[in-house]
Amino acid sequence: MTRIVHLSDLHISSAHFLSEVAESVVQGVNEISPDILVITGDLTQNGSFPEYMEAKEWIDRIDCRNKVVVPGNHDSRNVGYLLFEDIFRTRSPCCSLDGVTVVGVDSSQPDIDDGHIGREMYGWIAKRFNSNSDFNSTDLRIFALHHHLIPVPMTGREEEIPVDSGDVLELLDRCGVDIVLCGHRHVPWVWKLNDMFVVNAGTACSNKIKARTTQCYNLIEIEKAGDARGTRDTGRCIRIYQVLPTGEQMLIVDSIMDKNRTGNEIRGIK
Ligand SMILES: [Fe+2]
């Protein structure tokens, strides 16, 4: 089984970071002992050097060998995206492990809160899912970005969705992406679009919560369906849990994904 922990929107700063909650999150994630850790942005509030240093220290305390971290709009404020590159090496990280490929992109723009992927990235994304040297065509495909590609309920007036979200969703569907991981709106939610789960995370450890929500993060478990159910089922069993800082887990999705890969092969990059 492959376990992925998905954190988002830490907002490390004196005004918003809840250190006691964050401590519980570190302990909880280390108990889960994920194979891959994905953090979908807004590590900081203002993209400043002290905030980045604190974020790095905090993330380093999570014991995981495969970390996929992308920046959010707050991280790109005040030219903070350069510090992000200094610390995390790339704003477009990728990881392939045990039949799972994760591709991350930077959906932020300096000093603008709106999301944007950009058509110049579409070919790169398609190639990462299909030409990555570590990539196997049967890999489960996960795409990670900060901004929400689909509006999230109970978040008030819709805003800051990537300006090219429609084109990006079509690209990801064409690439056969199985799961999209995103954040930004601080409300957990899962949509299923065609064969693709679009999974929003809440804020892991900041006070920037909305109405009836609370701090939380996601756990995704992936295993061969036959192994999970003691049968000859093909495909992959996907379970998605919402996890509270207390460690309580709520099962949100329990699904077998067994789509015809042939039908999802890239038919040309637009
Ligand atoms: Fe954000």
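Select residues 94-104 to start: strand E4 (residues 94-97) and strand E5 (residues 100-104) pair antiparallel over four bridges. Strands count as paired here if DSSP finds at least two bridges between them; helices (H or I, at least four residues) and strands (E, at least two) are DSSP runs, numbered from the N terminus. What you have open is a predicted model: local features need pLDDT of at least 70, side-chain atom pairs count only at pLDDT 80 or more, and totals for chains, interfaces and linings use all residues. Residue numbers start from 1 along each chain as its sequence is written.

Still in this pair, pick Cys94, whose bridge partner in E5 is Val103. E4 and E5 make a hairpin with two residues between them, and Asp98 in the turn has a positive phi of about 50 degrees.

**Stay on E5**

Is E5 buried or exposed? Five of its five residues are buried, so E5 is largely enclosed by the rest of the structure. Buried means that 20 or more other C-beta atoms lie within 10 Å of the residue's own; exposed means 12 or fewer, partly exposed is in between, and C-beta atoms are placed from the backbone. In a regular strand the side chains alternate between the two faces of the sheet. Colour the two faces of E5 separately: Val100, Val102 and Gly104 are buried on one side, and Thr101 and Val103 are buried on the other.

**Out across the first sheet**

Now add strand E6 (residues 140-144). E5 and E6 run parallel, joined by five bridges, and Val102 stands opposite Ile142 of E6. Next comes strand E7 (residues 179-182), parallel to E6 and joined to it by three bridges. Phe143 has Val180 in E7 as its bridge partner.

Show the whole sheet and you get six strands, open, in the order E4-E5-E6-E7-E9-E8, with mixed pairing. E4 and strand E8 (189-193) stand at the edges with a single partner strand each, so one side of each has no neighbour in the sheet. From one strand to the next, the twist averages 15 degrees.

**Into the core**

Which residues have the most contacts inside the largest nonpolar core? Select Val38, Val102, Ala144 and Val180; the core they belong to has 65 residues. A nonpolar core is a set of buried Ala, Val, Leu, Ile, Met, Phe, Trp, Tyr and Cys residues joined through C-beta atoms within 7 Å. Centre on Val38: leaving aside neighbours within four places in sequence, Val38 is in contact with Ile4, His6, Val68, Val102, Ala144 and Leu181. Contact here means C-beta atoms, placed from the backbone, within 7 Å of each other.

**The second sheet**

Turn to the other open sheet of six strands, ordered E3-E2-E1-E10-E11-E12 and also of mixed pairing. Strand E3 (67-70) and strand E12 (249-257) are its edge strands, each pairing on one side only. E11 and E12 pair in the antiparallel sense over eight bridges, with Ile238 opposite Ser255 of E12.

Add helix H1 (residues 19-32), which lies across strand E1 (2-7), strand E10 (217-224) and E11. H1 runs at about 165 degrees to E1; axes are lines fitted to C-alpha atoms, for helices over the stretch in contact, and angles run from 0 to 180 degrees between N-to-C directions.

In the loop between E1 and H1, click on Asp9. Most residues other than glycine have a negative phi. Asp9 has a positive phi of about 55 degrees although it is not a glycine, and with 27 C-beta neighbours inside 10 Å Asp9 counts as buried.

**A pair of helices**

Select helix H2 (residues 49-60) and helix H3 (residues 80-88), which pack at an angle of about 30 degrees with axes 10 Å apart. That makes H2 roughly parallel to H3, a label for angles under 35 degrees (over 145 is roughly antiparallel, 65 to 115 roughly perpendicular, the rest oblique). Show Phe49, Tyr52 and Lys56 of H2 with Gly80, Leu83 and Ile87 of H3 to see what makes the contact.

**Two loop stops**

Met154 sits in the loop between E6 and helix H5 (165-174). Its phi is near 60 degrees, positive in a residue other than glycine, and Met154 is exposed, with 11 other C-beta atoms within 10 Å.

Finish at Thr234, in the loop between helix H6 (225-229) and strand E11 (236-243). Thr234 counts as exposed, with 10 C-beta neighbours inside 10 Å. Not counting residues up to four places away in sequence, Thr234 touches Ala225 and Asp258.

Conventions. Contact = placed C-beta atoms within 7 Å.
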